[in-house]
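The following paragraphs lead through selected positions of one protein structure. Please keep the sequence and the structure in view while reading.

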Amino acid sequence: MPSSAPASRQNAPDAAATTAGEFALIQRHFSRPCGHTALAGGDDAALLHPRPGMELAVSADMLVAGTHFFPDADPHDLGWKTLAVNVSDLAAMGADPRWALLSLALPAADDAWIAAFADGFYACAERFGVDLAGGDTTRGPLTLSVTILGEVPRGQALTRAGANAGDDIWVSGQPGLAALGLEMLRGTFAPTADGERCLAALHRPQPRVALGQALRGLASAALDISDGLLGDLGHILVQSRCGATLHEDALPLAALYATGASPALARRCLLAGGDDYELLFCAPPAARAAITALGPALALPLTRIGTLSDAPGTVALRSADGTLTALAARGYDHFG
Ligand SMILES: Nc1ncnc2c1ncn2[C@@H]1O[C@H](COP(=O)(O)OP(=O)(O)O)[C@@H](O)[C@H]1O
Ligand SMILES: Cc1ncc(C[n+]2csc(CCOP(=O)(O)OP(=O)(O)O)c2C)c(N)n1
Ligand SMILES: [Mg+2]
């Protein structure tokens, strides 16, 4: 850390707090020491010192009971996922996640539930070097909302708008597993193997921060897959004014088949499942060797699944015999 980094300060515990009340709850569960925050928690605002030469990357995502998770979900996993889906957005920008604000609506002050949630949240915060700098806590239907801030060297962020026809399309890790996990919870899929792997992908997504940072200067566009591979690819296609051809025989379906999923289910989960938090990115063919070398360096499979075309907004699937089938670039839509 550069010498200009501020020491972290935290305000003194609030003397007006009762052991059961809102402020005691915050002090008990959400006041662990910060590593790089000028002033955190306990004041009207946190004070942050971005490092010289960096610009701030800021994003917000919330998880709502019944929409993003089942109400009986394990609180430790939920704590992890609440922060991880936000860290993933900064990974997709090539940014370094640094600070989070956590806003909670809780139906009751269930201390054991909140303690487990906080443990999961802080596990993710420690893993990715994020300080919890503040937030808000209220009574209400269970809603877990994070605003995340990170830093990226000025001008080097990975956006959705920089890709060009002819670029390769890449995806990290194993998209589709989390959607199989959701099918398991719904009782619509019983795996013959790797069920725990599917549930882990759904409950404990692993944000690809190191990959995002390594892609600065290599990728022409990037995003994280939350709504499904095709739907999220569609955002790059719109913003970069391109189309896409996906290569059927390059799609990473083998691990999905290994769970016992039918070809139709495996394909639907891979292309349209969502909840993956893998990175989808584009890069010119000249970057192929450098990107291929990143996979082993990061211990993360990177698969080249297709090519950007100059037919804006269209997605075609090319089979091994060269046949082209049109696909709809639609993803998860809360109101669709
Ligand atoms: N209520 C809102 N007010 C302003 N901007 C919003 C709002 N909701 C979403 N956005 C913006 O719309 C874009 C798409 O949102 P979303 O699909 O949630 O992105 P992501 O998949 O990266 O989380 C983002 O840039 C987000 O900041
Ligand atoms: C109970 C439950 N139902 C459905 C899903 C699947 N699901 C809910 S929201 C969503 C898409 C991602 O959520 P969104 O709020 O659109 O994330 P963003 O694109 O903003 O990152 C998915 C795949 C789930 N994980 N749990
Ligand atoms: Mg969002």
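D61 is partly exposed, since its relative accessible area is 31%, and buried is the word kept for residues under 20%. The model in which this value was computed is a predicted one. Along the chain, D61 belongs to strand β1, which covers residues 54-64. Leaving aside residues up to four places away in sequence, D61 touches V85, N86, D89, L144, S145 and V146.

One of these contacts, D89, deserves a closer look. D89 is part of helix α2, formed by residues 75-92. Is D89 buried or exposed? Its relative accessibility is 16%, and because buried means under 20%, D89 counts as buried. With residues up to four places away in sequence again left out, D89 touches S59, D61 and D224.

A record also links the two aspartates: in an unreviewed UniProt entry, the annotation "binding site" covers D61 and D89. These positions are spread over 29 residues of sequence, yet they cluster in space, with a largest C-alpha distance of 8.9 Å. Both D61 and D89 are included in the lining of the largest pocket.

A further position to locate is G176, in the loop between β5 (168-172) and α4 (177-186). G176 is buried, for its relative accessible area is 0%. Residues up to four places away in sequence not being counted, G176 touches L256, C269, L270 and D276. How far apart are G176 and R330 in sequence and in space? They are separated by 154 residues in sequence, and their C-alpha atoms lie 15 Å apart.

Technical notes
Residues are numbered from 1 along each chain as its sequence is written. Chains are lettered from A and ligands numbered from 1 in the order in which they are written. This is a predicted model: local features need pLDDT of at least 70, side-chain atom pairs count only at pLDDT 80 or more; totals for chains, interfaces and linings use all residues. Side-chain values use heavy atoms; hydrogens and water are left out. UniProt positions are given in the numbering used here, feature names are shortened, and annotations may be inferred rather than shown by experiment. On a 1 Å grid over the protein atoms alone, a cavity is a set of points where a 1.4 Å probe fits but cannot get out, and a pocket is an open set with protein on both sides within 12 Å along at least five of seven lines; lining residues have an atom within 4 Å of a point. Helices (H or I, at least four residues) and strands (E, at least two) are DSSP runs, numbered from the N terminus. Buried means under 20% relative accessible area, exposed over 50%, partly exposed in between (1.4 Å probe, protein chains only). Contact means heavy atoms within 4.5 Å.
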